[in-house]
Amino acid sequence: MIQTYQELQQSYETLETEKSQMVQEKEQLEKELEALKNENDSYQKEIESLKTPIAQNKNDTKTAAQNKTAYLTFDDGPSPNTIKILDVLKKYDIKATFFVIGSETETSKKIYKRIAEEGHALGNHTYSHNYNKIYSSVESYMEDTWKLEALLDEAAGVKPKIIRFPGGSKNQASTRTGGKGFMAELITRLQEEGYQYFDWNVTSKDASAVTQEKEIIIRSVLEGVQGKKDAIILFHDNAPKTTTVEALPEIIDALKEKGYKFEVLSESSYYVHHR
Ligand SMILES: [Zn+2]
């Protein structure tokens, strides 16, 4: 086949046109590709921005679910350990509740005062802590309570309405001395007078030995708080309870780690009643 110059010229022009069309098409496709890339980038950004609030919400939910409170309570002070306990609490900037008994020494009075001044709660654990005396009659218990109340008022300017029964509300001693219905009668009377009583739902077991092993105290508390939103933790504050003081920093660290915040007990706070 012989092509004329004219024919070749035509086919050249056709090819040139096709070429320019393809170049245009290529440019168009490149533009589309660029647009898709941009779209992809903005989608990625959107995905990232969506991920962040989800993560934050998750944390919020976790925090709400973990809204846990620990009430550290110390019975039987003042003692040589009270100052050490107060120093630990001060270091951690947390507040606790002290169910104290009566002691007229100047040192003790200063301790009552320091407890109140540093924002802790003072609770009434009776003046004498003498089971035979306090559980012999409702009047006897009330008088003992009022005697401590007067002392705390004088020393610290506080008349606590929160109380803890020596031995707790389910103590055996009161049944022996006052009879079966005694505690119910006593509780009614105290409530009529505006007092609220507190037992506990976690024990440190620091009263199960004269000086309990530090590791047992730590383990008892940490096992005891498991699954509890509110934990009223029982400790003792008297001279031989040196390991209670030693265990305290580790217990506080571990409770913080578990998401607990620390509060003091009050007439309107969470409470535990054993009866
Ligand atoms: Zn006690």
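Helices, in the sense used here, are DSSP runs of H or I with at least four residues, numbered from the N terminus. Ser174 has its place in one of them, helix α6 (residues 173-178). The model is predicted. Its protein donors to a zinc ion are Asp76, His125 and His129, and it holds 13 salt bridges. The points below cover the zinc site, the strands, the salt bridges and Ser174.

**Zinc site**

- Asp76 binds the zinc ion through OD, while His125 and His129 each do so through NE2, and these donors lie 2.1 Å from the ion.
- Along the sequence, the spacing of the donor residues is D-x48-H-x3-H.
- Asp76 sits in the loop between β1 (68-75) and α2 (82-92), and His125 sits in the loop between β3 (121-124) and α4 (131-134), so this pair ties together parts that are 49 residues apart in sequence.
- Asp76 has a relative accessibility of 14% and therefore counts as buried, since the cut-off is under 20%.
- His125 is also buried, with a relative accessible area of 2%.

**Strand β1**

- Eight of the eight residues in β1 are buried, so the strand is mostly covered.
- Lys68, Ala70, Leu72 and Phe74 point one way from β1, and Thr69, Tyr71, Thr73 and Asp75 point the other way.
- β1 pairs with strand β7 (residues 230-236) through seven bridges, and the two run parallel.
- Thr73 has Leu234 as its bridge partner in β7.
- β1 also runs parallel to β2, with three bridges joining them.
- In β2, Thr73 has Thr97 as its bridge partner.
- Three bridges pair β1 with strand β8 (residues 260-262), again in the parallel sense.
- Opposite Lys68 stands Tyr260 in β8.

**Strands β2 and β3**

- Strand β2 (residues 97-100) is joined to β3 by four bridges, and the two run parallel.
- Phe98 has Leu122 as its bridge partner in β3.
- From β3, Ala121 and Gly123 point one way, whereas Leu122 and Asn124 point the other way, and all are buried.
- A right-handed β-α-β unit is made by β1, α2 and β2.
- Another right-handed β-α-β unit consists of β2, helix α3 (residues 106-117) and β3.

**Salt bridge between Arg164 and Asp75**

- Arg164 and Asp75 form a salt bridge in which the closest N and O atoms are 2.7 Å apart.
- This pair links distant parts of the chain, with Arg164 in the loop between β4 (162-163) and α6, Asp75 in strand β1, and their positions 89 residues apart.
- Arg164 has a relative accessibility of 0% and counts as buried.
- Asp75 is buried too, with a relative accessible area of 3%.

**Salt bridge between Arg114 and Asp87**

- The side chains of Arg114 and Asp87 form a salt bridge with an N to O distance of 2.7 Å.
- Arg114 lies in helix α3 and Asp87 in helix α2, so the pair ties together parts that are 27 residues apart in sequence.
- Arg114 counts as buried, at 17% relative accessibility.
- Asp87 counts as partly exposed, because its relative accessibility of 40% falls between the 20% and 50% cut-offs.

**Salt bridge between Asp230 and Lys229, and a network**

- Asp230 forms a salt bridge with Lys229, and their closest N and O atoms are 3.9 Å apart.
- Asp230 has a relative accessibility of 15% and counts as buried.
- Lys229 is partly exposed, with a relative accessible area of 47%.
- Elsewhere, Asp87, Lys90, Arg114 and Glu118 are joined into one network by salt bridges that share partners.

**Ser174 in helix α6**

- Ser174 counts as buried, at 1% relative accessibility.
- With neighbours within four places in sequence left aside, Ser174 is in contact with Tyr135, Gly179, Phe182 and Met183.

Notes: Residues numbered from 1 in each chain as written. Predicted model: local features only at pLDDT ≥ 70, side-chain atom pairs only at ≥ 80, totals over all residues. Heavy atoms only, no water. Donors = N, O, S within 2.8 Å, 3.2 Å for Na, K, Ca; no water. Buried < 20%, exposed > 50% of the residue type's maximum accessible area, 1.4 Å probe, protein only. Pairing = 2+ DSSP bridges. Right-handed = clockwise from strand over helix to strand, strands pointing away. Contact = heavy atoms within 4.5 Å. Salt bridge = Lys/Arg side-chain N within 4 Å of Asp/Glu carboxyl O.
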